[in-house]
Amino acid sequence: MGDVGIGGDNPIRVQSMITCDTMDTEASIQQTMELAKVGCEIVRITAPTVKDARNLEHIAKGLRERGCNVPIVADIHFKPEAAMEAAKWVDKVRINPGNYADSKKFVIREYTDEQYSAELNRIRERFSPLVDLCRNRGIAMRIGTNHGSLSDRILNRYGDTPLGMVESALEFARIARDLDYHAFVFSMKASNPKIMIAAYRLLVARLNEEGPDWNYPIHLGVTEAGEGEDARIKSAIGIGSLLADGIGDTIRVSLTEDSPHEIPVARALVEMVQNETPDAQYPTFNAQLSFDPFSYQRRATEKMVVAGVDGSGRYVKLGGDELIRVVVRQSNFDKIAHKIDKMGDYKPEIVYEKAQIKELDPRDETAFAQLNQSSTTQFVTVKDGVDLPVIAAFRLLAARLHPRHPILLKDTLCRVAPGNDDIRMTNDERSPNDRITEGGSGFVIASSFLDTLLTASTNIGSLLCDGVGDAILVQGEEAPGQALRLSYNILQAAGSRIFKTDYVACPSCGRTLFNLQTTTAKIKAATCHLKGVKIAIMGCIVNGPGEMADADFGYVGGAPGKVNLYVGKTAVKFNIPEAEAVDRLQDLIREQGKWVEPARRTTTLEVVT
């Protein structure tokens, strides 16, 4: 694709998308060059109309004249005519099978095999000219399925499922292959990491079934991840876990922020996975997975009780269908014990040293035999210092451990050891402010909290999405408050324990009908106290109703200056002036019985008894 190779032995590529109006040629050129400057290797530009697609000629020409050779991808939804025009000027065209020559009106209809086949023939007629043009021009294509925009035809046959996402993409891929076109990439994007992970795994399994000549590159992304720390955690859970499993050739971290902010996160994810154990050779273990990789189900364990953190003799339940608990080391608990009553939702629940946790090397078959023969339920974790990747270690533990035993997950199989200059390190040098993190084969530097966040989110989040884990311990972050916040936010992003308002927010692009960053901030300010309520904030209709399928409420751009409000995936309020829309959203939440008044803040004039 242009001068950038993807798939095979090529490095994992990082891409992003500009956010301005595609008809603004100069702004499009400037935003593209800004992305390229910070390390973006592929840039996507929306082309919602034929007019926008035609202007890609001027954008591409302006970039090349200024010495910027980053490949340009045209993002197409709904309009095959726009795709045909865009394909004349760009290096790659992204189409969405759910709305390219197909429809999504949430119409319930049973298709006979003959009717379904007739629909596929209609799609072939609409899609084939684009395939021919891309093949003749020698440009690439992404067949990019979005969970939020599956067609009615797919929804009625396969449901709103990962299987439906995969089948939607494979239908288009078969048409391309019939026309001897193979320069395409797959993607299976969703805002829910569990759905996204299952869809990509199922896609890879289906490609393997189809045969060795179906080994097409794969693009990874968690769509509508949102902003800030929560978005980075959600992206790491989805993208990082798949990269760790060897899936993915290009990635995009979708943030409701300025696009250049996406690139450091994406590059850090790639580097984290590549640096995990680059030269290590691990033996192959004969153990069957304890979970279904294609659908989520929490690992079944027996319930048990362990000592709580307050020393009062109270106990905490874990395992079974109990909440996934948050664990801290005694040393960190001692630092915050005096202010636990003021910590709100980020309180520790179990102290590691008081919970009688059994530490195992997952390769020690004798230890497993003894533990599994015992009738006593035991709280179990992987022993620190084990020279295995974290995800692999805990999967092996879960595979060999009797399912009645609850498992404690860790972000790293080591503990932070700050300020010890006598520690031997694998790095030649370090600065006095670097944090030292002990590893199984030496010591490495965790250079920033972003590294810690991405590592913890990838390792713990991946396992939670596998259904493994009854409690978690973040021990790669030495600041106890920060480690606790990260622990709870990982549980929230993985959908494992909801303790605050959940937001699904798309990144901005040229289709967006309002300022996503300022609007998201306003909605959060008005609703952030609504624990357990899920709100979707969508700049346009492309992925709106579908990505809001599991949201309680949706705020969607319907026209310039106008907003439509949804309950679930049903639009209930139309063409609301943007200036009134946040207030009307609050009214809608009240009408649905989900509103609670925010707690009053105590002032110096109030007496607390």
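Which residues lie nearest the centre of the second largest cavity? In this predicted model, they are Ala 225, Asp 230, Lys 234, Asp 502 and Tyr 503.

**Figure 1. Lining of the second largest cavity in the predicted model.** The structure holds three cavities of 30 Å³ or more, and the second largest has a volume of about 120 Å³. Its lining comprises 14 residues, including Asp 230 and Lys 234. Sorted by class, the lining of this cavity contains six charged, four polar and four nonpolar residues. Helix 8 (228–244), helix 14 and strand 19 (502–505) each contribute at least two residues to the lining. Rolling a probe the size of a water molecule over the atoms reveals where empty space remains.

**Figure 2. Helix 14, residues 480–493.** The 14 residues of helix 14, at 1.5 Å a residue, should span 20 Å, and the end C-alpha atoms are indeed 20 Å apart, so expectation and model agree. Helix 14 is mostly covered, with eleven of its 14 residues buried. Among these buried residues are Pro 480, Ala 483, Leu 484, Leu 486 and Ile 490. Polar side chains also appear in the buried set of helix 14, including Ser 487, Asn 489 and Gln 492. Just after the helix, Gly 495 adopts a positive phi of about 70°.

**Figure 3. Aromatic pair of Tyr 346 and Tyr 488.** The count of aromatic pairs comes to twelve. In the pair of Tyr 346 and Tyr 488, the ring centres are 6.0 Å apart and the planes stand at 85°; because planes over 60 degrees apart count as edge-to-face, the pair falls in that category. The pair links distant parts of the chain, 142 residues apart: Tyr 346 belongs to the loop between helix 10 (330–336) and strand 12 (350–351), and Tyr 488 belongs to helix 14. Tyr 346 is partly exposed, with a relative accessible area of 25%, whereas Tyr 488 is buried at 3%.

**Figure 4. Aromatic cluster and the loop residue Asp 180.** Tyr 181, Phe 184, Phe 186, Trp 214 and Tyr 216 are linked into a cluster by ring pairs. Asp 180 is placed in the loop between helix 6 (162–178) and strand 6 (184–189). Its phi is near 60°, a positive value in a residue other than glycine. Most residues other than glycine have a negative phi. With a relative accessible area of 55%, Asp 180 is exposed.

**Figure 5. Hairpin of strand 22 and strand 23.** Strand 22 (residues 562–567) and strand 23 (residues 570–577) pair in the antiparallel sense over five bridges. Leu 565 has Lys 573 of strand 23 as its bridge partner. Two residues separate the strands of the hairpin, and Gly 568 in the turn has a positive phi of about 65°. Asn 575 is located in strand 23. Its phi is near 55°, again a positive value in a residue other than glycine. Asn 575 is partly exposed, with a relative accessible area of 46%.

**Figure 6. Open sheet of four strands.** The strand order is 12-11-18-15, with parallel pairing. Strand 12 and strand 15 (408–410) are at the edges; each has a single partner strand, so one side of each is left without a neighbour in the sheet. Strand 15 pairs with strand 18 (residues 471–473) in the parallel sense over three bridges. Within this pairing, the bridge partner of Leu 408 is Ala 471 in strand 18.

**Figure 7. Loop residues Leu 388 and Thr 19 with their spatial counterparts.** Leu 388 lies in the loop between strand 14 (380–382) and helix 12 (390–400). Leu 388 is buried, with a relative accessible area of 9%. From Leu 388 to Pro 362 the C-alpha to C-alpha separation is 9.3 Å, and the two residues are 26 residues apart in sequence. Thr 19 is found in the loop between strand 1 (13–17) and helix 1 (25–37), and its relative accessibility of 24% makes Thr 19 partly exposed. Thr 19 and Asp 258 are 239 residues apart in sequence, with their C-alpha atoms 8.0 Å apart in space.

Key. Residues are numbered from 1 along each chain as its sequence is written. This is a predicted model: local features need pLDDT of at least 70, side-chain atom pairs count only at pLDDT 80 or more; totals for chains, interfaces and linings use all residues. Side-chain values use heavy atoms; hydrogens and water are left out. Two strands pair if DSSP finds at least two bridges between them. The expected span of a helix is 1.5 Å times one less than its number of residues. Buried means under 20% relative accessible area, exposed over 50%, partly exposed in between (1.4 Å probe, protein chains only). On a 1 Å grid over the protein atoms alone, a cavity is a set of points where a 1.4 Å probe fits but cannot get out, and a pocket is an open set with protein on both sides within 12 Å along at least five of seven lines; lining residues have an atom within 4 Å of a point. Grid points are joined across faces, edges and corners, and a volume is the space filled by probe spheres set on the points. Rings of Phe, Tyr and Trp (its six-membered ring) pair if their centres lie within 6.5 Å; planes under 30 degrees apart count as stacked, over 60 as edge-to-face and the rest as tilted.
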